[in-house]
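Good morning, and thank you for coming. I would like to take a few minutes to present one structure, with attention to its ligand and the residues around it. Please look at the display as we begin.

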Amino acid sequence: MSEDQELSEDQELSEDQADCLFCRIVAGELPSQVVSESERSFAFRDLNPQAPTHVLVVPRRHIDDAAAVNASHAEDVADLLVLARQVAESEGILDRGYRLVLNVGQDAQNSVGHLHLHVIGGRPMGWPPS
Ligand code: DGP
């Protein structure tokens, strides 16, 4: 998929987006528990939560993963962080702290090929991650 693909709320999903789980969630083709959204980003609860708060924040525009990010994605990536903070605030974990995770590739167990920022919190966490 072209990384320069325009935001396209009103048009049908392209062939590549049709194969992407999170593109389909963003488009409303598949259900999700929406937590928050902005012009560029979409936040919904993880299907397999690892903590009391486990929300995924994804760009509406398809980007494969953090390793595929380039300067043309600057506004999308900044918006992910802004929305992640809003999620932490609305979930009531801003003060106590939370973890932001970007899994990239096999060793990190990245399983969905659409950039997603995990917002995890509501319990103490260990470091380093196992
Ligand atoms: P990662 O390992 O970073 O690729 O995490 C992908 C996350 O996506 C994982 O925590 C489970 C979540 N997930 C997978 N499929 C779905 C789905 O259909 N809906 C929702 N809400 N989350 C999903």
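Helix α2 provides the largest share of the shell around the ligand, namely three residues. I should say at once that this is a predicted model. Helix α2 covers residues 21-26, and strand β2, residues 41-45, likewise supplies at least two residues of the shell.

How many residues surround the ligand in total? There are 15, and the closest are D46, Q109, S111, H116 and H118. By character, the shell consists of seven nonpolar, six polar and two charged residues.

Let me turn to individual contacts. H118 places a polar side-chain atom 2.7 Å from an oxygen atom of the ligand. For N103, a polar side-chain atom lies 2.9 Å from an oxygen atom of the ligand. R45 takes part through its backbone: a backbone N or O atom of R45 is 2.8 Å from a nitrogen atom of the ligand. As for coverage, the ligand taken alone exposes 510 Å², of which the protein buries 81%.

Where does the ligand sit? The ligand occupies the largest pocket.

Finally, I would draw your attention to D16, which belongs to helix α1, residues 15-18. Why does D16 count as partly exposed? Its relative accessibility is 42%, and the partly exposed class lies between under 20%, which is buried, and over 50%, which is exposed. D16 and H62 are 46 residues apart along the chain, and their C-alpha atoms are separated by 9.3 Å.

Technical notes: Residues numbered from 1 in each chain as written. Predicted model: local features only at pLDDT ≥ 70, side-chain atom pairs only at ≥ 80, totals over all residues. Heavy atoms only, no water. Near = heavy atom within 4 Å. Polar contact = N/O pair within 3.5 Å; in protein donor to acceptor, adjacent residues only side chain to side chain. Areas by Shrake-Rupley, 256 points an atom, 1.4 Å probe, with all protein chains shown as cover. 1 Å grid on protein atoms, 1.4 Å probe; cavity = no way out; pocket = protein on both sides within 12 Å on 5 of 7 lines; lining within 4 Å. Sits in = over half its atoms within 2 Å of the grid points. Helix = DSSP H or I, 4+ residues; strand = E, 2+ residues; numbered from the N terminus. Nonpolar A, V, L, I, M, F, W, Y, C, P; charged D, E, K, R; others polar. Buried < 20%, exposed > 50% of the residue type's maximum accessible area, 1.4 Å probe, protein only.
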